[in-house]
Amino acid sequence: MEVCVDSLESAINAYHGGADRIELCSSLDEGGLTPTIGLYKSIRKYLNAAQALPSSSNSTRFEINCMIRCRSGDFLYDEMEIDTMCEDINRFVELE
């Protein structure tokens with residue numbers, strides 16, 4: 001099960017609630033935008049620590065899928081927006 005989250009607290013709740021993965025966003029009220037790298041790192045740090053505990057029932061790596069969307073509104077992006085989103089993708093890939 002995938003849960004859409006926009007905070008560390010929501011990610012922790014999804015993990016402990018039995019989700020297999022999350023879709024990490026910011027600005028859910030705007031339909032979801034690209035999250036910050038800081039939020040991604042905080043969630044990954046917490047989840048790595050939680051999964052390392054002997055009492056953890058979740059031995060597989062919890063997936064974090066990041067929303068890549070540079071602005072709210074339509075989905076018609078110009079070249080500069082596409083370049084921005086490609087940079088975001090590259091940064092998140094480097095973190096894996």
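**Exercise 1. The surroundings of arginine 69**

Determine which residues arginine 69 touches, not counting residues up to four places away in sequence, and establish where arginine 69 is found.

*Solution.* Taking contact to mean heavy atoms within 4.5 Å, arginine 69 touches Glu30, Gly31, Gly32, Leu33, Thr34, Phe75, Tyr77 and Met85, residues up to four places away in sequence being left out. The model is a predicted one, in which local features need pLDDT of at least 70 and side-chain atom pairs count only at pLDDT 80 or more, whereas totals for chains, interfaces and linings use all residues. Residues are numbered from 1 along each chain as its sequence is written, and side-chain values use heavy atoms, with hydrogens and water left out.

The next step is to place the residue: arginine 69 is found in the loop between β3 (63-66) and α3 (79-95), where helices (H or I, at least four residues) and strands (E, at least two) are DSSP runs numbered from the N terminus.

The third step concerns charge. Arginine 69 is buried yet has no salt bridge, and the nearest side chain of opposite charge, that of glutamate 30, is 7.1 Å away. Here buried stands for under 20% relative accessible area, exposed for over 50%, and partly exposed for what lies in between (1.4 Å probe, protein chains only). A salt bridge is a side-chain nitrogen of Lys or Arg within 4 Å of a carboxyl oxygen of Asp or Glu; Lys and Arg count as positive and Asp and Glu as negative, while His and the chain ends are not counted.

Finally, consider the backbone: the side chain of arginine 69 reaches the backbone oxygen of glutamate 30 at 3.2 Å, and a polar atom of that side chain lies 3.4 Å from the backbone oxygen of glycine 31.

**Exercise 2. Salt bridges around arginine 71**

Identify the residues that are linked with Arg71 in a network of salt bridges, and state whether each partner is buried or partly exposed.

*Solution.* Begin with the total, which comes to five salt bridges by the rule already stated. The side chains of aspartate 74 and arginine 71 meet in one of these, at 3.1 Å from N to O, and arginine 71 also forms a salt bridge with glutamate 81, the closest N and O atoms being 2.5 Å apart. This second pair links distant parts of the chain, with arginine 71 in the loop between β3 and α3 and glutamate 81 in helix α3, 10 residues apart. Together, Arg71, Asp74 and Glu81 are linked in a network of salt bridges.

Accessibility is the next step: aspartate 74 is partly exposed, with a relative accessible area of 41%, and arginine 71 is partly exposed at 22%, whereas glutamate 81 has 17% and is therefore buried. Leaving aside its neighbours within four places in sequence, glutamate 81 is in contact with Cys70, Arg71 and Leu76.

A further pair lies in helix α3, where glutamate 87 and arginine 91 are four residues apart and so are separated by about one helical turn; the closest N and O atoms of their salt bridge are 2.4 Å apart.

**Exercise 3. Leucine 47 and the nonpolar core**

Work out which residues have the most contacts inside the largest nonpolar core, and which element gives the largest share of this core.

*Solution.* A nonpolar core is a set of buried Ala, Val, Leu, Ile, Met, Phe, Trp, Tyr and Cys residues joined through side-chain atoms within 4.5 Å. The largest one has 15 residues, and those with the most contacts inside it are Val5, Ile22, Leu24, Ile43, Leu47, Phe62 and Ile64. The elements that give two or more residues to this core are α1 (8-16), β2 (21-24) and α2, and the largest share, five residues, comes from α2.

Next, examine one member. Leucine 47 has its place in helix α2 (residues 37-52) and counts as buried because its relative accessibility is 1%. Apart from neighbours within four places in sequence, leucine 47 is in contact with Tyr15, Phe62 and Ile64. Isoleucine 64, with residues up to four places away not counted, touches Ile22, Leu24, Tyr40, Ile43, Arg44 and Leu47.

**Exercise 4. The chain as a whole**

Describe what pattern the chain follows along the sequence, and find what part of its residues count as buried.

*Solution.* There are three helices and three strands, and the chain follows the pattern β-α-β-α-β-α. Of the 96 residues, 29% count as buried. Among contacts between residues at least 6 apart in sequence, 51% join residues at least 24 apart.

Terms used: Polar contact = N/O pair within 3.5 Å; in protein donor to acceptor, adjacent residues only side chain to side chain.
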